[in-house]
Amino acid sequence: MSTPQDRNFGFDTGTVIITGAASGIGRETALEAKRQGLGVIAWDINAAGLEGLAGELRATGRVQLVETAVVDISDIDAVAAAMRAVTAAHKPRYLVNNAGPPSGADLPFERAIANSLVATREITRLWLDGEPSDPVAVNVASVAGNLLGLGEWYSAAKAGIVGYTRSLAVSRPGGLRVNAVAPGLIDTARLQATLETERGKDIVKRNPLGRAGRPEEVAAAIMFLLSPSASLINGTLLVCDGGSSLVL
Ligand SMILES: NC(=O)c1ccc[n+]([C@@H]2O[C@H](COP(=O)([O-])OP(=O)(O)OC[C@H]3O[C@@H](n4cnc5c(N)ncnc54)[C@H](O)[C@@H]3O)[C@@H](O)[C@H]2O)c1
């Protein structure tokens, strides 16, 4: 079995912006991107988490770009300023829209949609405005809203992200490839409390793999979709849930 260390998706060079990179799926995506030879621009609201990530990325000893910045994706002015800065310096070819509020967040519907779906669209628009060459993006959706009904705003936002991904995928012939992933229950910080409930344990038990997903497994799917290995894949939703949405 291949290990993360010897996995090679065939990237040449390039730089990826990853939102929500200080923890969980975003963090593992940043680590995998570095292993795959990409420069990494990591955004998050968690400054300490970003610092830890940057230390780990730089410790690999390879010389690609590592830049971190505290950027709240729900603050579009902050996103625009950060995007202007990275675009002027690097024109990142790759984008991973991963950040978003936790499914259990008690937010008014409109604000939750703004902080997830609208933010994803705005970040993507600003990134494309910088005219990256051969741009490729991956949006992190969920089985919620796409295969399961799980939370009003969360389902609406994640289904919206997939609809947006499909629309974007056909919007620039020859000029953009974009896909989405739909994680199931993944063992990350935000899911710790859920995993300890009876309901959480039951969901894990019913997963055909008999366990929750790991963030590095979703990261591998994200990096595959970004990579030249997925050159014919555009506008798709890749479900990463161990088959749990196939069982009642
Ligand atoms: N964990 C799961 O089971 C699961 C399932 C389906 C989808 N997802 C999706 O995966 C993505 C990542 O989730 P995770 O489980 O890795 O969570 P996580 O909590 O481990 O990490 C999320 C990161 O995003 C950051 N973040 C939150 N709000 C932000 C904002 N406004 N701006 C910038 N950064 C922000 C957090 O500080 C954190 O570092 C989310 O979009 C989530 O909806 C997760």
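This report describes helix 1 of a predicted model, with its two helix contacts and its part in the ligand shell.

## Basis

The model is predicted: local features need pLDDT of at least 70, side-chain atom pairs count only at pLDDT 80 or more, and totals for chains, interfaces and linings use all residues. Residues are numbered from 1 along each chain as its sequence is written.

## Helix 1 and helix 8

Helix 1 covers residues 24–35 and helix 8 residues 215–226 (helices are DSSP runs of H or I, at least four residues, numbered from the N terminus). Their axes come within 8 Å and cross at roughly 55° (axes are lines fitted to C-alpha atoms over the stretch in contact, and angles run from 0 to 180 degrees between N-to-C directions). That makes helix 1 oblique to helix 8 (angles under 35 degrees count as roughly parallel, over 145 as roughly antiparallel, 65 to 115 as roughly perpendicular and the rest as oblique).

On the helix 1 side, G24, I25, E28, T29, E32 and A33 meet P215, E216, V218, A219, A220, I222 and M223 of helix 8 (contact: C-beta atoms, placed from the backbone, within 7 Å).

## Helix 1 and helix 2

Helix 2 (residues 47–59) packs against helix 1 at an angle of about 20°, the axes being 10 Å apart. The two helices are therefore roughly parallel to each other. R27, A30, L31 and K34 of helix 1 make the contact with L53, E56 and L57 of helix 2.

## The ligand shell

The ligand is surrounded by 29 residues, the closest being G20, S23, G24, T188 and R190 (near: C-beta atom, placed from the backbone, within 6 Å). Helix 1 gives the most to this shell, with three residues.

Terms used. Contact = placed C-beta atoms within 7 Å.
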